Amino acid sequence: KRPGIVVACAEAAAAAAGQRILYRSTRGGQSDLTFSEAVLQGLGTDKGLLVPQAIPRFDAATLESWRGLPFHALAAEVMSLYLTDDDLSRSELEALTAASYGAQWRDEAVTPVTTLPGGMRLLELHHGPTFAFKDVALQFLGNLFELLLAKREAAGLSHTLTVAGATSGDTGSSAIHGLRGKRGVEVFMMYPEGRTSPTQELQMISVLDANIHNIALAGTFDDCQNIVKALFNDHAFRDSVGLAAVNSINWARILAQTVYYVHAYHEATSPGAALEGTQVSYSVPTGNFGDILAGWYAKQMGLPVRKLIVATNENDILHRFFQAGDYSQLGVRETLSPSMDIQISSNFERFLFHAGGDDAPALKSLMDGLEDTKRLTPPPSLLAACREEMDSERVDDAEVLATIADVHTASAGEHTLDPHSAIAVAGGRRPF
């Protein structure tokens, strides 16, 4: 699982009052989608990912005014910047966040921040129902799906969804526990047989609700993810079954995850820090790129972020991109951090789109080339823009074990990192 992000220690208000944020595809085939349409559709009809057409902003005073709020209230504040009453009313949003971040969490802070030996902070994301960081988004998404379907039913529209998902372990169990028993939702979750942890597999296959269906496939996570993408790209099939996504290709997943970056900033700094311009850096264990992308959106919204560090394991396609401009797909290696054993980072497309100036034709050309040749060659200007926003580090299994042992010994047994968190710690310890 990936329970930890390391936290090493603006201007303009949010989008004009009442301005509705609409969504478009990174590849240019769709635009002006509403929040509900973007969430229920999941993936663009042109194979692109859906992104906001404008990113709302908050200023330092607003950020400070949120300090001390319970997590569910902070979530309502952050998410409300992307919503108007045409999407969800304020009371509906507050009810959603209260239901999503309540008694099912083992810590009342939901995502508490602790201090490791040496002063590095650890954002703990393992306190949800399945111990996975994705519980933060998927508890919310399950409740959101149910509400949006109820609103569609009241309007006399289609109100059923078929969720097709791919998982390396944590998305599947989190999605299943977020969507089990939800009215109008059928879930089909694919995972690579023998390549998830036994605990994660049991968390999936032991859920017996009638709307949950697990499928073990021979192959890798990327094989499972390719099937999901193929299903979405079969437009007739997608429309006939009401296909929806719970992987981080779904915008609501990214939106929910921006909240804990804001929460971590509050926990890692003193009152008034934002007004003084205090910045923090985040080292994020990264596979499919959705988690660190949420941090990037939070930064664009106004969170004072110095650096975002893409911490990878030996499946290092992202590290190779940032260091050498080499985004070429190699075989997936099994490592001690299976949730990051990925060579196709779906959400990277969103980042490339924004870093390239929201240029959909250029992005489509890059992605078409990647699909044809399994290699993406960024122009120098795009690579430079990406490097301005993020750094990267590669951590192999030997360093993972050494980091776990070091932190355990230095904390006198108080902190035992899992391998994914150890990658974030190791990456965050290096100079940047």
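In this predicted model, the side chains of Glu371 and Arg27 come together in a salt bridge, with an N to O distance of 3.0 Å. The pair joins distant parts of the chain, since Glu371 belongs to helix 14 (residues 360-373) while Arg27 sits in the loop between strand 2 (23-25) and helix 1 (35-41), 344 residues apart. Across the whole structure, a search finds 25 salt bridges, and the points below take up some of these pairs before turning to the nonpolar cores.

**The Glu371 and Arg27 pair**
- Glu371 has a relative accessible area of 40% and is therefore partly exposed, as this value falls between the limits of 20% and 50%.
- Arg27, by contrast, has a relative accessibility of 8% and counts as buried because this value is under 20%.

**Other salt bridges**
- Arg238 and Asp239 also meet through their side chains in a salt bridge, for which the N to O distance is 3.0 Å.
- Within this pair, Arg238 is buried at a relative accessible area of 8%, whereas Asp239 counts as exposed at 52% relative accessibility.
- A further salt bridge is formed by the side chains of Arg320 and Asp326, with an N to O distance of 3.1 Å.
- Arg320 is buried, its relative accessible area being 13%, while Asp326, at 22% relative accessibility, counts as partly exposed because its value is not under the 20% limit that defines buried residues.
- Arg320 and Asp326 also belong to a network of salt bridges in which they are linked with Asp316, Arg375 and Arg394.

**Nonpolar cores**
- In soluble globular proteins, nonpolar side chains tend to be buried together.
- The largest nonpolar core in this model holds 103 residues, of which Tyr101, Leu144, Phe145, Tyr282 and Leu303 touch the most other members.
- Helix 10 (residues 251-268) supplies the largest share of this core, namely eleven residues.
- Leaving aside residues up to four places away in sequence, Tyr101 touches Phe71, His72, Ala75, Met79, Val110, Val136, Phe140 and Ala256.
- Apart from the largest core lies another core, made up of 14 residues, among them Leu122, Val395, Val407 and Ala422.

Terms used:
Residues numbered from 1 in each chain as written. Predicted model: local features only at pLDDT ≥ 70, side-chain atom pairs only at ≥ 80, totals over all residues. Heavy atoms only, no water. Salt bridge = Lys/Arg side-chain N within 4 Å of Asp/Glu carboxyl O. Helix = DSSP H or I, 4+ residues; strand = E, 2+ residues; numbered from the N terminus. Buried < 20%, exposed > 50% of the residue type's maximum accessible area, 1.4 Å probe, protein only. Core = buried A, V, L, I, M, F, W, Y, C linked by side-chain atoms within 4.5 Å. Contact = heavy atoms within 4.5 Å.
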